[in-house]
Amino acid sequence: MDRQEAARRAQSLREQIEEHNYRYFVLDDPIISDTEYDRLMQELIRLEEQYPELKTPDSPTQRVGGEPLPFFEKVEHRVPMLSLGNAFNEEDLREFDERTKRMGGVDQVRYVCELKIDGLAVSLRYENGVFVQGATRGDGQTGEDITQNLRTIRSLPLRLREPVTVEVRGEAFMPKREFRRINEEKERRGEPLFANPRNAAAGSLRQLDPKLAADRALDIFLYGVGAVDEALLPPTHTETLEWLSRLGLKVNPQRRTVDSIEEVMAFVEEWREKRPELDYEIDGIVIKVDDLALRERLGMTAKSPRWAIAYKFPAEEAVTILRGIEVRV
Ligand SMILES: CC(C)(CNC(=O)c1ccc(Oc2ccccc2)cc1)c1ccc2c(N)nc(N)nc2n1
C-alpha cells in the first residue's frame, strides 16, 4: 500500500472507529462486536506506526496522552463557570418561581429540569470541531488544564460531528459500578478507599499521569454552553441541549421541559424516588429557565445566575465497605 492509499485507509478507519465510539459510549448502542472494533483499532495503530504523519491529535489511537505532567497549567475561562443557588424544599422553589415571574415581567415560565450529577464540573473547548482543551471549574474564573485526562473519557468525542468552535460545560463523573470495582481493587491492595464516586472522579482527573486516568472508566454529561458565537445558539435551552447532542456530545436523557413549578416539583419527587436505579450518583435537580432572552433579562447575582437553581437531595445512603465491614452512612 503506498502513502496515498495509507492516508485514505487511515482516514476511513478514523471515521469508522469514531462512529463506533459514539454508538458504544454515547448512545450505549454498539453495532459491532468488541473483537471487530479491536481489529479496526489494531489496523489503524499499525498504519500510524508505518506512516507516523497519519498519527493526528484527533486520532482515536491518541486518547491516552504522552508523559506525566509535572503540574497542571492554569486556564482562564473566557466565560465564567457560574455556581448555582440552592433550594431545599417546595417553598424555596415557589419563591424562585415567583421571583422569576416578577423580575421577568411574565406570568408564565417554561423550565427545563435536569439531573444534578455528583461529579466534577468541567469546561471543554472545541475549535473547528476538534477538542483542544479541557479545564476544571476552579474558582469559576480560573481552572486547571486537565485536557490529557479528559481525552481518556471514551464518551468525550475528540472531534464533533460539525466543525464548530464552542465551549461546553458539563460534569465528569464515575459510574457507581466503576466506583465499586476500584474500591474493591483498593481493598484487595490494602489501600485507602474512595469515600464516594465524586471523590474518585476528582482524584482520577487530578492524576498527573494520563495513563492512570485512562485506567478509570470515567464518563461525562454536557449541560451548558460557555463561549460561543451567539448566532449559533437557538432561542431556548431545550434546543441548545438537542444541538449539543447532534454535535455528538453526551447529554443526559433524563430531562424534562415543563410549563409550571408544580410540574418541576413532580419531576423532583419522581427522581427522589428513582435515584437508586441510576448507575451514577446525583445530588439534586437543576431547574433552568428555558427561554434564553428571559435569562438575559434576569441576569446574575455576584456568582450565580438568577435563571437557574439547584434543588438539593440529602446525601444518598452510601454503603462503604470499610475494612471488610458494611458501614451505612
Ligand atoms: C447553569 C450552570 C451554571 C451552567 N451554566 C454556566 O456555567 C453559564 C456560564 C455563563 C453563562 O453566560 C455568561 C456569559 C458571560 C458572563 C456571565 C455569564 C451562561 C451559563 C450549571 C451549573 C451546574 C450544573 C449542574 N451541576 N448540573 C446541571 N444539570 N446543570 C448545571 N448548570
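**Asking how the terms are earned**

Me: How many salt bridges does the structure hold?

Reply: There are 30 salt bridges in the structure, the term being kept for a side-chain nitrogen of Lys or Arg within 4 Å of a carboxyl oxygen of Asp or Glu. The model is predicted, so local features need pLDDT of at least 70 and side-chain atom pairs count only at pLDDT 80 or more, while totals for chains, interfaces and linings use all residues. Residues are numbered from 1 along each chain as its sequence is written, and side-chain values use heavy atoms, with hydrogens and water left out.

Me: What makes Arg94 and Glu262 a salt bridge?

Reply: The closest N and O atoms of Arg94 and Glu262 are 3.3 Å apart, which falls within the 4 Å allowed, so the pair qualifies. Arg94 belongs to helix 3 (residues 90-104) and Glu262 to helix 9 (residues 261-274), so the pair ties together parts that are 168 residues apart in sequence. Helices here are DSSP runs of H or I with at least four residues, strands are runs of E with at least two, and both are numbered from the N terminus.

Me: Why does Arg94 count as partly exposed?

Reply: Buried means under 20% relative accessible area and exposed over 50%, with partly exposed in between (1.4 Å probe, protein chains only). Arg94 has 38% relative accessibility and therefore counts as partly exposed, and Glu262, at 46%, is likewise partly exposed.

Me: Where do the salt-bridge partners Arg125 and Glu167 stand, buried or exposed?

Reply: The side chains of Arg125 and Glu167 meet in a salt bridge at 3.3 Å, N to O. This pair links distant parts of the chain, with Arg125 in strand 4 (residues 120-127) and Glu167 in strand 7, 42 residues apart. Both Arg125 and Glu167 are buried.

Me: How do you know that strand 8 is largely enclosed by the rest of the structure?

Reply: Strand 8 (residues 219-228) has 10 residues, and 8 of them are buried, so the rest of the structure largely encloses this strand. Two strands are said to pair if DSSP finds at least two bridges between them; strand 7 (residues 166-173) and strand 8 have 7 bridges, in the antiparallel sense. In this pairing Glu171 stands opposite Phe221 in strand 8.

Me: Why is one side of strand 2 and of strand 9 left without a neighbour in the sheet?

Reply: The open sheet is formed by 5 strands in the order 2-11-10-3-9, with mixed pairing. Strand 2 (86-87) and strand 9 (256-258) stand at the edges and have a single partner strand each, so one side of each has no neighbour in the sheet. Strand 2 pairs with strand 11 (residues 308-312) over 2 bridges in the parallel sense, with Asn86 opposite Ala310.

Me: Which residues are the closest to the ligand?

Reply: The ligand is surrounded by 15 residues, of which the closest are Val79, Pro80, Glu114, Leu115 and Lys288; a residue is near a molecule if one of its heavy atoms lies within 4 Å of it.

Me: What makes the approach of Leu115 to the ligand a polar contact?

Reply: A polar contact is a pair of N or O atoms within 3.5 Å; within protein, one must be able to donate a hydrogen and the other to accept it, and residues adjacent in sequence count only if both atoms are side-chain atoms. A polar backbone atom of Leu115 is 3.2 Å from a nitrogen atom of the ligand, so this pair is inside the cut-off. A polar side-chain atom of Arg169 lies 3.5 Å from an oxygen atom of the ligand.
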